[in-house]
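Student: I'd like a close look at a single part of this one. Could you walk me through it slowly?

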Amino acid sequence: MTETADTMVEAIGVRKHFAGVEVLKGVDLAVARGEVACLIGPSGSGKSTFLRCINHLEKHDAGELLVDGQLVGYELRNGRLYERNDKQICAERARIGMVFQRFNLFQHLTVLENITIGQVRVLRVREDAARARARELLERVGLAGRDGYYPAQLSGGQQQRVAIARALAMDPKLMLFDEPTSALDPELVGEVLDVMRDLARSGMTMIVVTHEMGFAREVASTVYFLDAGIIEESGDPREVLAHPTSPRLQNFLSKVL
Amino acid sequence: MSTDGDGSIKVVPVRHVGRWIGVAAALVVVALIVHTLLSRLPTGQRACRGVGTSRVCHAITEWRFSWDIVFHYFTTSEILHGLLITLELTVIAMAVGIVLGMILAVMRLSPNRVLSGSAWTYTWFFRGTPVLVQLLVWFNISILYPRISLGIPFLHVSFLALHTSTVFTPLEAACVALGLNEGAYMSEIARAGLLSVDEGQVEAATSIGMVRRQTLRYVVMPQAMRVIIPPTGNEVISMLKTSSLASVIGVIELLGAATNIYSANYEIMPLLLTASLWYLVVTTVLSIGQFYLERYFARGALRTPPPTPLQRMRHDLAGVLSKFPNRRSVAGALER
């Protein structure tokens, strides 16, 4: 743990397998504080799995994974790795925002309640303070006045923006986006990307799994091309996306662009 | 093309011939039932009275279903007391069943084999033996365990010891038997409910830092309720009637009270009807409660909640009225 305080996420040889199939075959990456990293790659390449390892929704099998200088899911004491208990892991997770492909808004709660429940139940913020913060965030994602709506009454783009607000309400130091626009109608993609662009501009550290190459080119500080469980190529998006060196990335880009 | 006065094309609705035949048949059956319910039988006696110099006689009849006796007993204190016991049994047994069922369902879904295995075994046993047998076993439990004591298992240390028969009355035995049996059924209902909640909901809750217990309480349970409530309502209604089995072990609930009365006066049918009517009344009340409960837990699941019966009645009435052109304003007002 000699990392500088500037590194938010660091992965060293992260491996993960499901029922004998190795999905991650040693992923290395480092994301600095305030940086936006985009993970691109064909489906099944392990992008989402890697993202889920970062907030311990999946347990990685081998390698080191550090968030803000702390091992994810484990604690190093006296040369031994101690598995953290549920409560500690949840406390870590609370500070890592996650936005899902399928929004996953709490269907039985209103927009406002979706954003306050984490503050009230996990961060123990007072109800009225949580509500004020939620309204503020709704305004930020362009949904002021939708407090009382249920998720089912909103469009996909609106739901995803509420989901972003829900994650932001936890005051995250890191935001993970798992294909946030893949389940949206094409005309709704823009409004979600706009919110993410603003977020990036405000200095939030973000890791985004995406198929939106335009967004990656414009917003990402670094783009990582993941293929068959390893990072095949990475670097400045303008460079990597314009002049891919590996044949696999060339092949991938020729399909998506 | 023929057109109406205002230029629009006239629509001729499809004639549902089969439906009309069905309606006619149903009406005949309804008429038969009403007729027999209201029919009277001759008692074999005649009543005569003098009119002028002649005597006019006619046969005395009585209700086939002895409605006068049915309603006479409807509000007697024995029957009402029995009804109270029935309600008490239903509430306690269902409360035990629901709590137990939830615990068993959560256990059953636990990744730990011992927990899920014991929950499975419980359900297997209590669902696999007749509830009447279970009632009889609990009623006679003092044969197996004449004394019950509070202490540390396996160490023969006991703080408190009592005779089973003194603390375990038939009513308590019935509550335990019905409650434990219900737990097995409720666990399956609760499990279906928990499984019906999308995994993404759990992931989202986890991602904002909720621990398993919070996720269950604030995210999964409220949504599972939508699936759990309707069959649970069914179970409550079923329990209301199953509680009549407790009369077998000497609990004087609604049916027990009715049988007690008819064993003394032989008015078997009227008293069975009295009890049945009470069961129907309570069932009706429960069904209404269930409707509103379902509506409450469906919030967020549907874009527009289903109308309440009152709203639907108003809507139907508005629909009928709108068939009369000059009443359109009235229909509009009702619709609003």
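Student: Which strands of chain A does helix H9 (residues 247-256) of chain A lie across, and at about what angle does it run to S11(A)? Please take me through the sheet around it as well.

Tutor: Keep in mind that this is a predicted model. Helix H9 of chain A lies across S3, S11 and S12 of chain A, and its run makes about 100 degrees with S11(A).

Now the sheet itself. It is an open one in chain A, built from six strands in the order S8-S9-S10-S3-S11-S12, with mixed pairing. The edges are taken by S8 (96-99) and S12 (230-235), each of which has a single partner strand, so one side of each has no neighbour in the sheet. On average, neighbouring strands are turned by 15 degrees against each other, direction ignored.

Let's go strand by strand from the S8 edge. S8(A) pairs with S9(A) in the parallel sense over four bridges, and A:Ile96 stands opposite A:Leu174 there. S9(A) then pairs with S10(A), again in the parallel sense, over five bridges; here A:Leu176 faces A:Ile207 as its opposite number. That A:Ile207 is also the bridge partner of A:Ala37. The strands S3 (residues 36-40) and S10 (residues 205-209) of chain A run parallel and are joined by four bridges.

Another helix packs on this sheet: H1 (residues 47-54) of chain A touches S3, S8, S9 (174-178), S10 and S11 (222-227), and its direction makes about 150 degrees with that of S9(A).

S9(A) deserves a pause. Five of its five residues are buried, so the strand is largely enclosed by the rest of the structure. In a regular strand, side chains alternate between the two faces of the sheet. In S9(A), A:Leu174, A:Leu176 and A:Asp178 point one way, while A:Met175 and A:Phe177 point the other way.

Those last two lead into the interior. A:Met175 and A:Phe177 are among the residues that touch the most other members of the largest nonpolar core, which has 48 residues; A:Ile115, A:Ile164, A:Met196 and A:Met206 are the others. Helix H6 (residues 186-201) of chain A gives the most to this core, with eight residues. Apart from it lies another core, of 39 residues, including A:Val14, A:Leu29, A:Val31 and A:Leu57.

Terms used. Residues numbered from 1 in each chain as written. Chains lettered and ligands numbered in written order. Predicted model: local features only at pLDDT ≥ 70, side-chain atom pairs only at ≥ 80, totals over all residues. Heavy atoms only, no water. Pairing = 2+ DSSP bridges. Helix = DSSP H or I, 4+ residues; strand = E, 2+ residues; numbered from the N terminus. Axes fitted to C-alpha atoms, helices over the stretch in contact; angles between N-to-C directions. Contact = heavy atoms within 4.5 Å. Core = buried A, V, L, I, M, F, W, Y, C linked by side-chain atoms within 4.5 Å. Buried < 20%, exposed > 50% of the residue type's maximum accessible area, 1.4 Å probe, protein only.
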